[in-house]
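Hi,

Here is the structure I promised to pass on. Have a look at it first, and then read on for what turned up.

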Amino acid sequence: MLVALCLAPTPHALAAESAAQTSERDIATLVTDTDHYRPGTTLQVGLRLRLKPGWHTYWINPGDAGEAPTLAVQASGGATGTSGTIAWPAPERLRDGPLMSYGYTGDVLLPATLTPSGAGDAPMVLKATAEWLVCASVCVPEQGTFTLTLPAGEPMPSAEAPLFAHAVQARPMESPFAATIAPDGMLSLTGEGLIPAAVRDAWFMPLVTGAIDQDADQPLKVADGTLTLALKPGDAFHAAPTLDGVLMLKDPAGETRALSIAARPGLATAAPAKSPATAPAAPAVAAPRAAPEGVAGDLRMLLLAFAGGLILNLMPCVFPVLMMKAMALTRLAGAHTMARLAGAGAYAAGVVGAFMVLGGIMLTLRAAGAVAGWGFQFQSAAFVAAVCWLLFAVSLNLLGVFGMGNGVAALGGAGVTRGGYLGDAMTGVLAVLVATPCTAPFMGAAIAGALTAPAWVAMAVFIAMGAGLAAPYLVLAGVPALARFLPRPGAWMDILRQGLAFPILATCVWLMWVLALQAGATAIAVLGAGLVLVGLAAWLTGLAQGMAMRDGPVRRIRLCRALALMALAVAMAMLPGLRGGSAGADAGLVASGPAGTEAFSPARLAALQAQGRPVFVDMTAAWCISCLVNERVALSSAPVQAAFRARHVVYMKGDWTNRDATISAFLEAHGRAGVPFYIYYPPGNGQKKILPQILTSGLVLDALKE
C-alpha cells in the first residue's frame, strides 16, 4: 500500500528522478522505472511524494474531506507521448473525528504508464505537471512542474524501479469472488476461501465519493463461502449501475489484501471486475442470484412501483383524465360484464404500454450517455404545446363542438366504429403523459431503484406502475357488485359531460404557463395560433358530422374533413419551431419564490457550505404540480419563511422545467430520477437531510430544528 522502503539499486542502475520540489511538508519528484527509453516500449512514470511525519495525501476518492492528486506527463524530443491515468495503490483509512478519509502517508508513489513514439534518435524530455493536497492539522494545496530527460537506448531498470514494483504489489488485485449489492446497502461476496478462519476483518472503500456513509460501521458476517458487509447507502449510492471500489480483507495474522470489486444490484458477477487502478469495470455477465437480498429487493421495488401507480390516481395532475374516466364508467354502467372488461382492458393496455414506451425511451437515452429523468417529456416545449392542443380538442369534444362520443374515442374515428376500444386505449396513454410529472412518494424510490437495476427489472418496474394506475378502473369494471353502484345513463350525462370540459380547459391554461416559462412570449403566440387551428378543425369536423346525419354522404362533407386535416397539419408543422430556453424558466420560478430566493448553482452551494451557512435546496419544475403545491402549502408558509430568516437559511431553487444537465447530475448523484427533491444542509457542515416528496410545514420545521 505504501512505498515505505526503497531497495538498494544495483551498481549498474542509473537514477531516473527529477529535481525535487521541497517544502516543510514533503519532497516531490518525478520518477521512471527505466534509465533509457525505446520507441514503442511502455515505461512507468510516477509522482513520488515523501511525506513528513503527521502529513498525508489522498486517494482517487478522498472520502469525507480532501482532494485527489492529479498527474499529467508529456514527452517531447526524440519521442512523444502522454501518460495515462494514475494506477492507484490501495489507500489507508484516515479517521479524523466524525470524518473518514482515504489516503497515503510516508513514502508513496502514484504511477502511470507512457508509451513513447517517434524516431528515438535523441533524448526524450518528460515534463510533468501535478497537483496534490497535503493535510495534517491544516491542509495545504501544492503543485509542481517537473522535468526529466531519458537518453535513447535499451531500457534497463533504474534505481527507482523497486518503487514501481512495490506500487504494483500495493494495487488492488482482481477479485475472484462474485459480488452483489442490495438496495439496502448489503454487500455480498460468494466464492471459495471465504471462511471465518481466513477473514478476521473487512472493510469497503468506494471509488465514488458519497456512495456510502464512509464513517458508518460496516458489520461483517462470514460463513463458509459467503461474506457480507452492511454498508450505509449515501447520496450517490444510485449514481452508477455498479458499486465499484476496493474491499480490504484482513486475515487472523493481521495481513491485508486489497480486492477490486464491481458489485451489481441484485446479481452476482460471473467474471472478476477490472482493477480501478487500470481501467473502468467491464460489464459483468449476469449469473444466478447469489443471495436472497436481490430477489427481495426487486420485489420491494415492484410493490413500491405498484403503490406509486395507485397513488397517481389521487394526484392533482391527473384530475382532468380522472374526469374522462368517470365519463367512461358511467357509459359502461349498463353494459355487459364482458363489454366493461374489454373497455377497461383497452384502457389498461394504453396505460401499461405508455409506461413501457416512456421507460424504454428513458433507459435508451441514459444508456446513450444522456441524463434523462422521469417526466423528461415535459421538458420539451413542443410536447407541452402538443398536449395542450390535445386537451383543448378533448374539451371541445366534451362541449359538443364535434362528435358526441367518449372523449378521446371521438378523436379517433376507428375507435368509435370498434366499440370505442381505441379511444379507451388513447385515454390510458393520455393519463400517463399527464400523470408522470406528479411523482408520488413511493414512485420516486421505485424509479431510482429501477435505473440502477438490469433493464428487464427496470421494465418490470414501469409495468408495475402502469398496473397500479389502471387497477382501480379494472376493479370497477370487472366486479359486478361494484358496477351496480355506478349511475345509470340518462339525460344528466350531457350536462356532466359538458361540465367536465372546464377542468380540461383549466389544464390548458396551466400548460400555457409552463410553455411561457420554457420558451417565452413567442411560443405563446405559436400556441395560440395552434389553438385557433385546432378549434377550426374541431368545428369543421362537427360541421361534417352534422351534414352527414342530415343529408347523408355529400361532397361538402369530404371538403370539411379535408380542411380540418389541413388545419391540424399546419398546427403540427409549427411544433418543431418551439424550443425551450433556460432563461425564461430560471427567471420565472426563482422570481416566484420568497424574497431572497437564489437560483441553484453547485459552485454557490459549495461556497455556502465552505462558509458553514445553512442551505435548503428545492429542485422543482413548472410542469410538476406536486412541486407547486409543496411550495404554496409548506415552503412559502409564514412559519417556514420565519424559520428560514431566523436561522439565516439560504433558499436555493433549481429549475428543471427545461433540460438542465447540472440539475440532472445533482438529482442522479442523490439517487433520484425526477422532481420534487428537497435537501437541507445544516450550518457548520452538519449531516444533510433529504426531505419527503410531499411536504408539510411541520416536516420542514422539524428538519431545520434537527
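First, a definition for what comes next: two strands count as paired if DSSP finds at least two bridges between them. Also keep in mind that this is a predicted model.

Let's start with the sheet. It is open, has 5 strands in the order 20-22-21-23-24, and its pairing is mixed. Strand 20 (598-599) and strand 24 (689-691) sit at the edges with a single partner strand each, so one side of each has no neighbour in the sheet.

Inside the sheet, strand 21 (residues 615-620) and strand 22 (residues 650-655) run parallel and are joined by 6 bridges. If you want one pair to look at, try Asp618: its bridge partner in strand 22 is Lys653. As background, strands of a sheet pair through backbone hydrogen bonds, either parallel or antiparallel.

Now the helices on that sheet. Helix 16 (residues 602-610) packs on it and touches strand 20, strand 21, strand 22 and strand 23 (677-681). The direction of helix 16 makes about 160 degrees with that of strand 22. Helix 17 (residues 625-635) lies across strand 21, strand 22 and strand 23, and runs at about 145 degrees to strand 21.

There are also two helix pairs to show you. How do helix 18 and helix 20 run relative to each other, parallel or antiparallel? The axes of helix 18 (residues 638-646) and helix 20 (residues 697-705) come within 9 Å and cross at roughly 15 degrees. Angles under 35 degrees count as roughly parallel, so helix 18 and helix 20 are roughly parallel to each other. Their crossing is left-handed. Pro639, Val640, Ala643 and Phe644 of helix 18 make the contact with Ser697, Val700, Leu701 and Leu704 of helix 20. By class, that comes to 7 nonpolar residues, 1 polar and no charged ones.

The other pair is helix 5 (residues 381-398) and helix 12 (residues 501-519), whose axes come within 9 Å and cross at roughly 160 degrees. Angles over 145 count as roughly antiparallel, and helix 5 and helix 12 are therefore roughly antiparallel to each other. Helix 5 passes helix 12 in a left-handed crossing. The residues in contact include Val384, Cys388, Leu391 and Phe392 of helix 5, and Ile504, Cys508, Leu511 and Leu515 of helix 12. Sorted by class, the contact of helix 5 with helix 12 has 17 nonpolar and 3 polar residues, with no charged ones.

Cheers

How values were computed. Residues are numbered from 1 along each chain as its sequence is written. This is a predicted model: local features need pLDDT of at least 70, side-chain atom pairs count only at pLDDT 80 or more; totals for chains, interfaces and linings use all residues. Side-chain values use heavy atoms; hydrogens and water are left out. Axes are lines fitted to C-alpha atoms, for helices over the stretch in contact, and angles run from 0 to 180 degrees between N-to-C directions. Helices (H or I, at least four residues) and strands (E, at least two) are DSSP runs, numbered from the N terminus. Angles under 35 degrees count as roughly parallel, over 145 as roughly antiparallel, 65 to 115 as roughly perpendicular and the rest as oblique. A crossing is left-handed if the near helix is turned anticlockwise from the far one by less than a right angle, and right-handed if clockwise. Contact means heavy atoms within 4.5 Å. Ala, Val, Leu, Ile, Met, Phe, Trp, Tyr, Cys and Pro count as nonpolar, Asp, Glu, Lys and Arg as charged, and the others, Gly among them, as polar.
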